Amino acid sequence: MPGGVPWNPSKEPFSYAKLCFYYLPGLLVFLAIAALLISAFGELRWLHQMGNWFPSSVLLRVAIGAALIGAYYLFFMKVLWRLLPASIRTRIPYDAKEASESKGDIKSFWDLRKLVLRTRN
């Protein structure tokens, strides 16, 4: 955006949302490579049969990709957050707003790693 301040994730305080969205591009690249490998080396008869409902298999692949992104968001941002133990949830800020209010004592990925490893033992 011209004249706007570019978003820099390293300047944003640590939060659960930042943790989830930091790994989203890596997941998308992995899914894209997996889809290409399956398309190149696998038989996708079901994909061609779905062509009766969709104009092309490319459109179907885009729809599947969008569904996977939505599932990723729903699972990590909503379901997994609620499944975390309350003792961990209270120590991690959920989003940038809570992080700016200094909610919790987890301020980095490494603090979270120490907490999870300590509770796992």
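The lining of the second largest pocket in this predicted model consists of 12 nonpolar residues, with no polar and no charged residues among them. The pocket itself holds about 270 Å³ of space. Of its 12 lining residues, Tyr16, Leu19, Phe76, Leu80 and Leu112 lie closest to the centre. Two or more lining residues are given by each of helix H1 (16-41), helix H3 (57-83) and helix H6 (109-120). The largest share comes from H1, which supplies 4 residues. Empty space of this kind is revealed by rolling a probe the size of a water molecule over the atoms.

A nonpolar patch is also found on the surface. It is formed by Phe21, Tyr73, Leu74, Phe75, Val79 and Leu83, which together have about 570 Å² of accessible area. Helix H3 gives the most to this patch, with 5 residues. Leu74, a member of the patch, is located in helix H3.

Aromatic contacts were examined next. A pair of aromatic rings is described by two quantities, the distance of the centres and the angle of the planes. The search of the whole structure yields 5 aromatic pairs. In the pair of Tyr16 and Trp81, the ring centres are 4.8 Å apart and the planes stand at 45 degrees, so the pair is classed as tilted. Because Tyr16 belongs to helix H1 and Trp81 to helix H3, the pair ties together parts that are 65 residues apart in sequence. Tyr16 also appears among the residues closest to the centre of the second largest pocket.

Charged contacts form the last group. Side chains of opposite charge can pair when their charged atoms come close. In the whole structure, 2 salt bridges are found. One salt bridge joins the side chains of Arg91 and Asp105, with an N to O distance of 2.7 Å. Arg91 is in the loop between helix H4 (86-89) and helix H5 (96-100), while Asp105 is in the loop between H5 and H6; the pair therefore ties together parts 14 residues apart in sequence.

Notes
Residues numbered from 1 in each chain as written. Predicted model: local features only at pLDDT ≥ 70, side-chain atom pairs only at ≥ 80, totals over all residues. Heavy atoms only, no water. 1 Å grid on protein atoms, 1.4 Å probe; cavity = no way out; pocket = protein on both sides within 12 Å on 5 of 7 lines; lining within 4 Å. Points joined across faces, edges and corners; volume = space filled by probe spheres on them. Nonpolar A, V, L, I, M, F, W, Y, C, P; charged D, E, K, R; others polar. Patch = residues over 30% accessible without salt bridge, like charges linked within 9 Å, V, L, I, M, F, W, Y side chains within 5 Å. Areas by Shrake-Rupley, 256 points an atom, 1.4 Å probe, with all protein chains shown as cover. Salt bridge = Lys/Arg side-chain N within 4 Å of Asp/Glu carboxyl O. Phe/Tyr/Trp six-rings, centres within 6.5 Å; stacked < 30°, edge-to-face > 60°.
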